[in-house]
Amino acid sequence: MVFSFTQISNYLRCPRSYRLRYLDGWQEKDTRAGMVFGRCFEQALFALFCKEDPEARLFEAWRAYKEASFVYKNGESWDRLLHQGIHILQRFVQDNRVRVRRPKQNLQVKVVRSLPNGHQFIAYLDAIGTLDGTPCILDWKTTTSRYPDGPHDVLSLDFQLISYSWARGIADVAIVAFVRKQRSEIQYLKASISDEQRQEFGRLVESVVSQIEAGHFSAHSGIRFPQNSCLGCAHLGLCLNDQQLIETNLVRKAGASDLDWLDELID
Ligand code: SF4
């Protein structure tokens, strides 16, 4: 079997949710405008590093969703997202802090690591390049809330960055956060992942994979006010046997686990 960061973190959050998503094929519908827009924005970044017109690419990619029945939050609209995206792209070009050489090889980099029993771990890194001249793994995030400024080094605990560092064996990592809000901004956040963190992550992956092989999928509901992870879980309708919630949020697809690596592209 092939595993990804998304699968591992989904299992750790709730093994039952993992089974519903990856074994039974219940996937969340693409109704969140922000998430789909994020994918279009990444296409624009790809164009930018390939010396093509990023604004035109963003428009082309996002135009495909103009009539889609998305859920727009906080007064957002198709037009507003497009304008925000163009503005942030212009800021990114002006900042000129990120370099990606040989973009066709160093954007959306596929990394494969072998796991015991013939399994594999696959990661798709947004980019390998430099930030302010320092070589590092780069992760793009389009978001509506800015990352906290502290405490110092908190980003080195980011589970996804640790997974990328482990997969590729590079210590320096960075998030470039494209923050869409009233006054859009770009955060350039660096971290360094230690050997010990990478080894620990490797052991965690092996432990999760053996739990999955053993068929352990008990619910881990997280029901406890105020951090109730079930409320943000796409599978809530299935756990509550609520047909309306199921129809609103989910679509059942065959062979869902085969397509899991695509999740990496939208994180
Ligand atoms: S609703 Fe809660 S218990 Fe059910 S799958 Fe999601 S997180 Fe797990």
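Which residue follows H2, and what sign does its phi take? The residue that follows H2 is Gly25, and its phi is positive, near 85 degrees. The legends below describe close-up views of a predicted model.

**View 1. Helix H2 and the surroundings of Tyr18.** Helix H2 comprises residues 15-23, and its buried residues are Pro15, Ser17, Tyr18, Leu20, Arg21 and Tyr22. Tyr18, which lies in this helix, has a relative accessibility of 0% and therefore counts as buried, the cut-off being under 20%. Leaving aside residues up to four places away in sequence, Tyr18 touches Met1, Phe3, Gln7, Asn10, Tyr11, Leu23, Ile212 and Phe217. The C-alpha atoms of Tyr18 and His119 are 17 Å apart in space, while the two residues are 101 residues apart in sequence. Beyond the end of H2, the positive phi near 85 degrees belongs to Gly25.

**View 2. The shell around the ligand.** The ligand is surrounded by Arg13, Cys14, Ser17, Ala219, Ser221, Cys230, Cys233, Leu236 and Cys239. Sorted by class, this shell consists of six nonpolar residues, two polar residues and one charged residue. Ser17, one of the residues around the ligand, is also among the buried residues of H2.

**View 3. Helix H3 and the turn at Lys51.** Helix H3 runs over residues 33-49, and its end C-alpha atoms are 25 Å apart, which agrees with the 24 Å that its 17 residues should span at 1.5 Å a residue. The helix is mostly covered, since 12 of its 17 residues are buried. These buried residues are Ala33, Met35, Val36, Phe37, Gly38, Cys40, Phe41, Glu42, Ala44, Leu45, Ala47 and Phe49. H3 is followed by Lys51, which is found in the loop between H3 and helix H4 (54-63). Lys51 has a positive phi of about 60 degrees although it is not a glycine. Most residues other than glycine have a negative phi. With a relative accessible area of 77%, Lys51 is exposed, because the cut-off for that class is over 50%.

**View 4. Helix H5, with Gly85 at a buried position.** The 18 residues of H5 should span 26 Å at 1.5 Å a residue, and the end C-alpha atoms of the helix are 26 Å apart, in agreement with that expectation. Buried in H5 are Trp78, Leu81, Leu82, Gln84, Gly85, Ile86, Ile88, Leu89 and Phe92, and what covers them includes H3, H4, E3, strand E7 (172-179) and strand E8 (185-192). Gly85, found in helix H5, counts as buried at 0% relative accessibility. When residues up to four places away in sequence are not counted, Gly85 touches Phe37, Phe41 and Leu58; of these, Phe37 and Phe41 are themselves among the buried residues of H3. Gly85 and Gln244 are 159 residues apart along the chain, and their C-alpha atoms are separated by 34 Å. Just after H5, Asn96 takes a positive phi of about 55 degrees.

**View 5. The second largest pocket.** This pocket has a volume of about 400 Å³. Of the 18 residues that line it, the closest to the centre of the pocket are Phe49, Val98, Arg99, Val100 and Arg101. At least two residues of the lining are supplied by each of H3, helix H5 (78-95), strand E3 (98-99), strand E5 (120-131) and E6, and E5 gives the most, with three residues. By class, the lining of the second largest pocket holds 10 nonpolar, four polar and four charged residues. Phe49, one of the residues closest to the centre of this pocket, is also listed among the buried residues of H3.

**View 6. Gln108 in strand E4.** Gln108 has its place in strand E4, which covers residues 107-114. The phi of Gln108 is near 50 degrees, a positive value in a residue other than glycine. At 25% relative accessibility, Gln108 counts as partly exposed.

**View 7. Ser156 in a loop.** Ser156 is placed in the loop between strand E6 (134-143) and helix H7 (159-168). Ser156 is buried, with a relative accessible area of 9%. Apart from residues up to four places away in sequence, Ser156 touches Ile162, Ala191, Ser192, Ile193 and Gln197.

Notes. Residues are numbered from 1 along each chain as its sequence is written. This is a predicted model: local features need pLDDT of at least 70, side-chain atom pairs count only at pLDDT 80 or more; totals for chains, interfaces and linings use all residues. Side-chain values use heavy atoms; hydrogens and water are left out. A residue is near a molecule or strand if one of its heavy atoms lies within 4 Å of it. Ala, Val, Leu, Ile, Met, Phe, Trp, Tyr, Cys and Pro count as nonpolar, Asp, Glu, Lys and Arg as charged, and the others, Gly among them, as polar. Helices (H or I, at least four residues) and strands (E, at least two) are DSSP runs, numbered from the N terminus. Buried means under 20% relative accessible area, exposed over 50%, partly exposed in between (1.4 Å probe, protein chains only). Contact means heavy atoms within 4.5 Å. The expected span of a helix is 1.5 Å times one less than its number of residues. On a 1 Å grid over the protein atoms alone, a cavity is a set of points where a 1.4 Å probe fits but cannot get out, and a pocket is an open set with protein on both sides within 12 Å along at least five of seven lines; lining residues have an atom within 4 Å of a point. Grid points are joined across faces, edges and corners, and a volume is the space filled by probe spheres set on the points.
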